[in-house]
Structures are given as structure tokens and as C-alpha cells.
Amino acid sequence: MRVGLGYDSHRFDPSRSLVLGGLEIPGSPGLSGHSDGDAVAHAVIDALLGAVSAGNVGSHFPPTDNTWKGADSMVLLGKAVSILGDRGFVPSNVDVVVITEAPKIGPLSEAMADRLAEVMGIQAGSVSVKGKSNERMGWIGAGEGLAVHAVALVTRK
Ligand code: MG
């Protein structure tokens with residue numbers, strides 16, 4: 001088995017709608033980015049790719065490539081799982097921390113975990129999504145954006 005770590009941060013962009021953990025979340029500002037801005041998906045992708053030393057989201061889906069403009073990050077996550085599979089590994093479990101003042105992640109965490117698990121082809125109980133506020137400190141506390149940490153364990157097929 002191998003372990004990988006992922007991190008992502010995106011600035012809020014009120015002109016976009018929020019997509020996080022594969023969910024469309026009404027009533028919150030969206031996230032800037034070349035794709036749909038789903039920082040949860042991007043952190044999980046980096047954790048999976050990192051576990052097999054296969055680069056990161058930017059090296060596989062570069063913002064210079066218009067293929068990924070406005071892309072559904074769940075498609076990118078599916079492709080990352082394929083890259084993992086090509087190297088002989090499958091996701092075992094994933095744990096995610098979303099650091100943001102808003103929206104509150106708690107009420108959304110189960111649906112996000114279910115969606116991520118579905119796309120990765122693993123059991124819902126093998127994905128955990130947790131939310132933390134930043135206690136109003138710094139740029140996250142000021143509501144400029146959000147940050148996501150993810151860790152993934154992968155095992156040989
Ligand atoms: Mg990103």
C-alpha cells in the first residue's frame with residue numbers, strides 16, 4: 001500500500017456557482033479556476049496521484065489546455081483513478097478536510113463523500129469529508145477563499 005497527500009486552495013468568485021466535492025451548492029459564491037474550481041476534487045486527485053508518484057492535477061490537466069476549461073472535476077477525478085489503475089493501484093480510502101468559513105461543510109459532508117466514492121468506485125464508507133472554520137483568521141477567515149487537504153491510501157489491484 002502507498003499513501004498520498006493533496007492540497008488545493010481557490011479564491012471565491014461570486015460570478016460563478018459553487019461546485020465542491022462534486023456537488024452544486026446553491027446560495028454560496030463559486031470558486032475561481034480553469035475548471036469548475038472544485039478544490040475538494042483537486043486535492044483528492046493530487047493525493048491519489050501523489051500516492052503513485054504520478055505528478056499532480058496541473059501536470060495531467062494543465063490550465064493551458066482548453067480541453068479542461070470549465071471541466072467537471074469529477075471527470076478529472078475519474079481520469080486520475082484510471083491513471084492509478086494503469087500503475088496497478090486502486091484507491092482504498094480517502095480523508096478530506098475543507099477549511100472555510102462558509103458554506104458550512106457539515107451538512108454537505110455525507111453527500112460529498114458519497115459522490116467522491118461513487119466516482120472513485122469505492123464504498124461510501126471509505127471516504128470522509130470534514131469541515132473546519134479558520135476561526136476568522138487570515139485569508140480564509142476573511143472569506144477570500146477556501147483550502148482543502150486530502151490524504152489517500154491506495155493498494156495494489
Ligand atoms: Mg484547483
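**Close-up views of helix 4, Glu101 and the magnesium site**

**View 1. Helix 4 and the elements that cover it.** In this predicted model, helix 4 (residues 106–120) comprises 15 residues and reaches 21 Å from its first C-alpha to its last, close to the 21 Å expected at 1.5 Å a residue. Its buried residues are Leu108, Ser109, Met112, Ala113, Leu116, Ala117 and Met120. An α-helix has 3.6 residues a turn, so residues three or four places apart point the same way. The cover over the buried residues of helix 4 includes four strands, namely strand 1 (2–20), strand 2 (23–31), strand 3 (89–99) and strand 4 (127–132), together with helix 1 (39–51) and helix 3 (73–86). After helix 4 comes Gly121, which has a positive phi, near 75°.

**View 2. Glu101, a buried acidic side chain.** Glu101 belongs to the loop between strand 3 and helix 4, and although Glu101 is buried, it has no salt bridge, the nearest side chain of opposite charge being that of Arg136, 5.2 Å away. The side chain of Glu101 does, however, reach the backbone nitrogen of Arg136 at 3.2 Å, and one of its polar atoms lies 3.5 Å from the backbone nitrogen of Glu135. Leaving aside residues up to four places away in sequence, Glu101 touches Ser133, Asn134, Glu135, Arg136, Ile140 and Gly141.

**View 3. Protein donors of the magnesium ion.** Asp8 (OD), His10 (NE2) and His42 (ND1) are the protein donors of the magnesium ion, lying 2.0 to 2.2 Å from it, and in sequence these donor residues follow the spacing D-x1-H-x31-H. The pair of His10 in strand 1 and His42 in helix 1 links distant parts of the chain, 32 residues apart. Both His10 and His42 are buried.

Conventions
Residues numbered from 1 in each chain as written. Predicted model: local features only at pLDDT ≥ 70, side-chain atom pairs only at ≥ 80, totals over all residues. Heavy atoms only, no water. Helix = DSSP H or I, 4+ residues; strand = E, 2+ residues; numbered from the N terminus. Expected span 1.5 Å × (residues − 1). Buried < 20%, exposed > 50% of the residue type's maximum accessible area, 1.4 Å probe, protein only. Contact = heavy atoms within 4.5 Å. Lys, Arg positive; Asp, Glu negative; His and termini not counted. Salt bridge = Lys/Arg side-chain N within 4 Å of Asp/Glu carboxyl O. Polar contact = N/O pair within 3.5 Å; in protein donor to acceptor, adjacent residues only side chain to side chain. Donors = N, O, S within 2.8 Å, 3.2 Å for Na, K, Ca; no water.
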